[in-house]
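Visitor: Please take me through a single part of this model, closely and in order. I would like to look at the sheet and what packs on it.

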Amino acid sequence: LVRLAGEDSLRGTFTQRHAVLFDHEDHDIYNPLQVLAEEAGKGGRFDAYNTPLTEFAGIGFEYGYSVGNQDALVAWEAQFGD
């Protein structure tokens, strides 16, 4: 399991640019890394989440998630200066 969270992580403003693609006509969401994980057939997951820009809440939740799911790679991004 790979979990990426932070403000605007789905659209991506840093190195994970466009982790999720949006179809503006029918509002579908396409997560290409999740599709690759599913096609590999090993039960992998790539989850990306938009979260509010609250550093303490974000870091606290993601830290807790990583402690409870030690087989997960958890990354949280911050947009300091907004």
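**The sheet and its surroundings**

Guide: Read along the sequence, this predicted model runs β-β-β-α-β-α-β. That gives two helices and five strands in the chain.

Now the sheet. It is open, has three strands and follows the order 4-1-5. The pairing is parallel. Strand 4, residues 46-50, and strand 5, residues 73-77, stand at the edges. Each of these two has a single partner strand, so one side of each is left without a neighbour in the sheet. From one strand to the next, the twist averages 15 degrees.

Look at the pairing of strand 1 with strand 4. Strand 1 covers residues 2-6. Five bridges join strand 1 to strand 4, in the parallel sense. One bridge can be picked out by residue: Gly6 has Asn50, in strand 4, as its bridge partner.

Next, the helix on the sheet. Helix 2 spans residues 55-68 and packs there. Helix 2 touches strand 1 and strand 5. The direction of helix 2 makes about 175 degrees with that of strand 5.

Step back to the whole chain. Take contacts between residues at least 6 apart in sequence: 60% of them join residues at least 24 apart. The chain has 82 residues, and 29% of them count as buried. Its accessible surface comes to about 5700 Å². Carbon and sulfur atoms account for 58% of that surface.

Key:
Residues are numbered from 1 along each chain as its sequence is written. This is a predicted model: local features need pLDDT of at least 70, side-chain atom pairs count only at pLDDT 80 or more; totals for chains, interfaces and linings use all residues. Side-chain values use heavy atoms; hydrogens and water are left out. Helices (H or I, at least four residues) and strands (E, at least two) are DSSP runs, numbered from the N terminus. Buried means under 20% relative accessible area, exposed over 50%, partly exposed in between (1.4 Å probe, protein chains only). Contact means heavy atoms within 4.5 Å. Accessible areas come from the Shrake-Rupley method with a 1.4 Å probe; for residues, only the protein chains shown count as cover. Two strands pair if DSSP finds at least two bridges between them. Axes are lines fitted to C-alpha atoms, for helices over the stretch in contact, and angles run from 0 to 180 degrees between N-to-C directions.
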